[in-house]
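Student: I'd like to go through this one by asking how we know what we say about it. Can we take the labels one at a time and check each against its cut-off?

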Amino acid sequence: MNSRNKKECVAMLLAGGQGTRLGVLTHDVAKPAVPFGGKYRIIDFPLSNCINSDIDTIGVLTQYQPFELNQYIGNGQPWDLDRLSGGAYVLPPYMKGSEGEWYKGTANAIYQNINFIDRFNPEYVLVLSGDHIYKMDYAKMLRAHKEKGADCTIAVINVTIEEASRFGIMNTDADDRIFEFEEKPKQPKSTNASMGVYVFTWSVLRQYLIDDENDPKSKNDFGKNIIPTMLADGKRLFAYRFSGYWKDVGTISSLWEANMDLLDNKSGLNLNDPSWKIYARNSAEPPHFAAGSAEIVNSIVSEGAMVFGSVKRSIISHGAYIGLGAMIEDSVILPGATVKAGAVVRHAIVAEGATVGEGATIGEKQTAPIKGEWQIAVVGPNAKISPSAKVAPAEMVKEGK
């Protein structure tokens, strides 16, 4: 290894998930490539967190429908990751000699890229998920890891006891050392929910990955195998408490909520902070246009969008078109979508390139979620909704109606 390639910490970003709970939105793209907030994609958040934390070597592990994600990341230039030493590397599964296989689990994905990590001879490896919305200084977490002399540090966020059964829960002592890990417990003992952000001492993790790969019974997963085995072996695992905004956008309801949080000054999700910018690939669209007939209230309207109708409490992405007399309320209109004259869109997501015909009705107004889930209507990518057609709450339309 060339000593000039030496890095203290390498980040490995797990971005290969299919995201089946997002339905038609991830039919043709990986979940981290789903648009968010008018001008971003979900993966912009962990990539920006890395560069803002002075971590400049990132392996992006792709698998499901990788083309759009690979194209979007490109050479990493928007995140200042186009570097001679370090940078962004897209790492799909590949053939090794006469053998090759898909990533079987989160741990196996890292195992298959041991040689990539070894090229940089790091002391530490940061393992991240590519499908969460949050702003986090990983450098602070790495510093805590070193101060504790930890083998593994896991970021946790405090959730309500009602929510805790949906997460991996870390039970800790007074020094935040983890003594027990519970995967989605029915009766949780604490509310320290894992955020899917890990710092490992590389020499320790490397051996555990090899041992795990040699175990035919293993699911090759961090939560199911690596973490429990390290705990059973008495390794030093610590929780790192995070108190900022964090949301897993793995469902239609949570993705919609995170978009709406951008419009709420009290949500904690602030993208206007000059000290912690979220970077994205620029769509190079002209400025947005609001006609004299337009009414825009508490909304985000991105570049290239044209608004002739009414937009309230909504996100209008770049290149979208809102026709004369159309009403958009509490909704997310993704890039290049068209909502024609007189259409009404409420509590809905209209995907990239979709067309909502004149006078169509998408979704309906809601006042509260049902069993924790908003009933969001979804018009899929490039789908065409006929004039005067109706799409019911929670209905997903893949091609047209």
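Student: Why is glutamate 8 called partly exposed?
Tutor: Keep in mind that this is a predicted model. Glutamate 8 has a relative accessible area of 38%. Buried means under 20% and exposed means over 50%, with partly exposed in between, so glutamate 8 at 38% is partly exposed.

Student: What makes its contact with lysine 146 a salt bridge?
Tutor: The closest N and O atoms of glutamate 8 and lysine 146 are 2.8 Å apart. The limit is 4 Å between a Lys or Arg side-chain nitrogen and an Asp or Glu carboxyl oxygen, so the pair qualifies. Glutamate 8 sits in the segment before strand S1 (9-14) and lysine 146 in helix H5 (residues 138-148), so the bridge links distant parts of the chain, 138 residues apart. Lysine 146 is partly exposed too, at 37%.

Student: How do you know that arginine 41 is buried while its partner glutamate 352 is not?
Tutor: Set both against the 20% line. Arginine 41 has 13% relative accessibility, so it counts as buried. Glutamate 352 has 21%, so it lands in the partly exposed class.

Student: And what makes those two a salt bridge?
Tutor: Their closest N and O atoms are 3.5 Å apart, and the cut-off is 4 Å, so the pair counts. Glutamate 352 lies in the loop between strand S25 (348-350) and strand S26 (355-356), and arginine 41 is in strand S3 (residues 40-41), so the bridge ties together parts 311 residues apart in sequence.

Student: Which residues belong to the network around aspartate 80 and arginine 83?
Tutor: Start with the pair itself: the side chains of aspartate 80 and arginine 83 meet in a salt bridge at 3.0 Å, N to O. Salt bridges with shared partners then join Lys7, Asp56, Asp80 and Arg83 into one network. Aspartate 80 at 45% and arginine 83 at 34% both fall between 20% and 50%, so each is partly exposed. The structure holds 17 salt bridges.

Student: What makes tyrosine 321 eligible for a nonpolar surface patch?
Tutor: Tyrosine 321 has 32% relative accessibility. A patch residue needs over 30% and no salt bridge, so tyrosine 321 clears the area limit. With Phe289 and Met306, Tyr321 forms a patch of about 250 Å² of accessible area together. Tyrosine 321 is in strand S20 (residues 321-322).

Student: Why is the sheet with S22 and S25 called open?
Tutor: Six strands run in the order S16-S19-S22-S25-S28-S31, with parallel pairing. Strand S16 (300-301) and strand S31 (396-397) are the edges, each pairing on one side only.

Student: And how do you know that S22 and S25 really pair?
Tutor: Pairing takes at least two bridges, and strand S22 (residues 332-333) and S25 have two in the parallel sense, so they pair. Isoleucine 333, for instance, has valine 350 in S25 as its bridge partner.

Student: How do you know that the whole chain agrees with a compact globule?
Tutor: With 401 residues, a compact globule would have a radius of gyration near 21 Å, and the chain has 22 Å, which agrees. Its C-alpha atoms fill a box of roughly 65 × 50 × 45 Å along the principal axes. Of the 401 residues, 55% count as buried.

Conventions: Residues are numbered from 1 along each chain as its sequence is written. This is a predicted model: local features need pLDDT of at least 70, side-chain atom pairs count only at pLDDT 80 or more; totals for chains, interfaces and linings use all residues. Side-chain values use heavy atoms; hydrogens and water are left out. Helices (H or I, at least four residues) and strands (E, at least two) are DSSP runs, numbered from the N terminus. Buried means under 20% relative accessible area, exposed over 50%, partly exposed in between (1.4 Å probe, protein chains only). Patches are made of residues with over 30% relative accessible area and no salt bridge: like charges are joined within 9 Å, nonpolar side chains (Val, Leu, Ile, Met, Phe, Trp, Tyr) within 5 Å. Accessible areas come from the Shrake-Rupley method with a 1.4 Å probe; for residues, only the protein chains shown count as cover. The radius of gyration is taken over C-alpha atoms; the globule rule is 2.2 Å times the number of residues to the power 0.38.
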